[in-house]
Amino acid sequence: MTTTHPRGNMVAFHFRHAILLVVFFVMSIARNVQYVYNKLCLRIFSMTYYPNKSPQIIRDDVSKLGKLPKRISCIVSLRSDDDENGGCDGVMGDVAELAAWCLSAGVPSLTVYEYNGCVKSCVAELQNAVTKNLRAYFGLQTPSFTIKVPHTNEVVSTEANSGDADLEIAVLLRVDGKPTIVELARTIGELTASKELLPDDITVKLIDGELTELVGPEPDLLICFGPVLDLQDYPPWHLRLTEMYWEPDNNSVNYAVFIRALKKFAQSRVNLGK
Amino acid sequence: MSEWVSTFPGYSLLMSRIKKVIGSVSRTGPVPRHIGLIMDGNRRFAKNHQIELKEGHNMGFDSMAAVLELLYESGVSCATVYAFLIENFKRLKTEVDWLMDLAKSKLMQISQNGELCDKYGIRVRILGNFAFLPDDVNVVLKDIMHTTRKNTRATLNVCFPYTSRDEMAHAIRTTAEDANKDSGLDVDEHTLTDHMYTAGLPPLDLLIRTSGTYRLSDFLLWQCVPSLCAIVFSDRLWPEFTPWDMTKILFMWSFNKYWYGHGNGQTMRRVVDEPLVRAMDRTDLAQSLWDSDASASPTATSTGYKVYASSPSDASDITAASVVS
């Protein structure tokens with residue numbers, strides 16, 4: 001815009017802004033219609049796909065799929081204590097359900113990301129919650145699982161030998177993302193200062209190895225149990241080829257979203273660079 | 001159909017007029033400062049339409065120029081495009097050579113007098129690991145960066161050849177070197193951000209991936225994980241991606257930012273643990289302060305029908321209530 005007619009420009013600006021507001025107004029109506037439609041779809045999906053605490057139903061749903069992810073990662077949100085399914089107990093309940101679905105579907109690794117990491121300090125309670133939920137699904141013969149918190153280096157296992165577990169659950173929080181990479185950069189700085197590491201040795205491979213050690217391997221499928229795809233500072237290194245899934249306007253951890261994510265994943269193709 | 005229409009006299013003039021109008025309207029509202037584009041689907045497009053691979057890439061480039069024109073008209077100050085990833089060197093040698101030639105000639109073309117860069121004052125920056133490139137391409141790219149260096153209105157980052165992991169490794173390496181030179185350097189997320197190739201640019205607000213693939217494919221991973229960044233996936237193949245599709249995405253982002261205070265749209269309220277708030281680093285605090293400033297813009301209150309929601313959860317309550325009634 002030129003500065004020759006400031007007043008004319010102001011008028012033109014407000015005129016254009018008025019057009020924009022009209023567009024926004026129309027969009028808000030469309031958005032409300034879409035919201036109702038999305039909620040309706042979600043309701044129908046949750047009636048169509050209902051696990052009913054039976055691993056057999058989940059297995060039947062999964063058996064039609066061409067491929068399964070080896071590692072699933074889920075972004076769950078902490079709700080306020082007053083809400084339904086709120087607080088730390090709500091997150092534990094979500095993890096317990098996800099663990100049961102993964103075990104029934106035959107996915108050997110589950111990573112749960114929660115921004116605050118509220119369950120990191122109550123791993124024992126989490127283990128109880130998961131065991132309890134698995135009983136509801138599998139009866140007394142519950143599959144074995146391990147819970148790992150990479151941030152505190154804590155590992156809890158139902159088996160004596162943690163390598164044999166049917167499911168590996170890892171709990172991630174914000175600190176496992178960028179702050180861990182920062183920490184790694186600091187360490188590498190110190191190592192290069194003391195000449196234990198040459199700058200040329202700092203390769204993608206080295207960093208990948210370190211971060212896999214510190215945080216875990218890259219997931220194949222990331223399910224975001226929120227109304228929009230919001231990565232919430234998820235560890236950036238681990239998102240390279242991860243398939244992402246979310247259901248618009250969904251705000252709970254439910255089986256319909258989980259199984260639809262698996263279906264979507266089964267259809268996807270990876271052809272990196274080729 | 002569209003090709004047939006585009007042969008009409010005055011078509012390109014009309015298109016650029018329309019873009020000007022759309023741009024002038026959309027720049028009166030919230031506009032993303034930095035947009036990332038993953039231009040995927042050129043090869044699939046060529047295959048589906050049974051045209052030569054070369055031609056597919058060529059059309060992809062034209063599509064990019066058309067979309068960029070709209071973006072800069074709309075007041076976007078920075079665009080980052082994913083042109084070539086390091087893994088692309090695995091492709092057939094003839095195709096790689098052809099892509100290199102295409103990049104050379106097209107980038108030269110847009111940076112010439114009177115073309116895109118000149119028209120919008122765009123500074124072209126090539127981001128990536130130049131060690132992988134042949135010498136002649138390197139020379140040309142350096143030349144392009146040099147000729148456009150004085151442009152300040154907007155920036156076009158061409159990622160060539162790039163992967164985000166390589167960028168992060170580069171950032172860690174250079175940070176380590178700097179920390180050794182200056183022992184007082186306190187390494188935090190800021191420091192690393194400043195050592196990425198995108199240092200000094202505004203934070204990424206919008207990332208678009210075409211061709212119906214729901215992956216980030218090693219592009220701007222560090223920059224896109226904050227909640228501030230909206231990620232949009234489009235089902236269109238890149239050569240089919242028109243400025244009109246871009247307009248829809250741009251208006252959607254703008255609408256979401258204006259209506260819900262968040263480019264992503266209607267989000268849940270984030271519950272943050274008290275101890276964590278205290279431990280939060282400066283980056284986040286500065287960012288959230290900036291956000292609350294932005295949401296208090298005068299345009300938000302001048303509307304009669306809706307006052308800016310103070311938090312995303314309020315917005316969702318309102319919508320839910322209106323749905324029920």
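**A walk from the chain contact to the cores**

Let's start where the two chains meet: D208(A) and R165(B) pair their side chains in a salt bridge, with 3.4 Å from N to O. Please keep in mind as you look around that this is a predicted model. Between chain B and chain A the count of salt bridges comes to six.

Now widen the view to the whole contact. Chain A brings 70 residues to it and chain B brings 67 residues. Together the two chains bury about 6200 Å², and carbon and sulfur atoms hold 65% of that area. Which residues in chain B lose the most area to chain A? They are R165(B), R215(B) and M268(B), which together make up 13% of what the chain B side buries. R165(B) is thus a residue to look at twice: it is listed among those three, and its side chain also takes part in the salt bridge with D208(A).

Next, consider chain B as a whole. Its fold has 15 helices and six strands. Of its 325 residues, 54% are buried. If you take the contacts in chain B with a separation of 6 or more, 78% of them join residues 24 or more positions apart. On the outside, chain B exposes about 14800 Å², with 56% supplied by carbon and sulfur atoms.

From here we can step inside. In soluble globular proteins, nonpolar side chains tend to be buried together. The largest nonpolar core here has 56 residues, and the members that touch the most others are I35(B), L71(B), L156(B), F160(B) and M246(B). Helix α11 of chain B, spanning residues 243-260, is the top contributor to this core, giving nine residues. Separate from this core is another one of 53 residues, including L78(A), V130(A), F145(A) and L167(A).

What does L71(B) contact once neighbours within four places in sequence are left aside? The list is I35(B), V76(B), A79(B), M246(B) and L250(B). Two of these partners, I35(B) and M246(B), are themselves among the residues that touch the most other members of the core.

Finally, turn to a nonpolar site on the surface. F25(A), I29(A) and V33(A) make a nonpolar surface patch of about 280 Å². F25(A) belongs to helix α1 of chain A, which covers residues 6-48. Is F25(A) buried or partly exposed? F25(A) counts as partly exposed because its relative accessibility is 38%, and partly exposed residues fall between the 20% limit for buried and the 50% limit for exposed.

Technical notes. Residues are numbered from 1 along each chain as its sequence is written. Chains are lettered from A and ligands numbered from 1 in the order in which they are written. This is a predicted model: local features need pLDDT of at least 70, side-chain atom pairs count only at pLDDT 80 or more; totals for chains, interfaces and linings use all residues. Side-chain values use heavy atoms; hydrogens and water are left out. Patches are made of residues with over 30% relative accessible area and no salt bridge: like charges are joined within 9 Å, nonpolar side chains (Val, Leu, Ile, Met, Phe, Trp, Tyr) within 5 Å. Accessible areas come from the Shrake-Rupley method with a 1.4 Å probe; for residues, only the protein chains shown count as cover. A salt bridge is a side-chain nitrogen of Lys or Arg within 4 Å of a carboxyl oxygen of Asp or Glu. Helices (H or I, at least four residues) and strands (E, at least two) are DSSP runs, numbered from the N terminus. Buried means under 20% relative accessible area, exposed over 50%, partly exposed in between (1.4 Å probe, protein chains only). A nonpolar core is a set of buried Ala, Val, Leu, Ile, Met, Phe, Trp, Tyr and Cys residues joined through side-chain atoms within 4.5 Å. Contact means heavy atoms within 4.5 Å. Buried area is the accessible area (1.4 Å probe) that two parts lose on being put together, summed over both.
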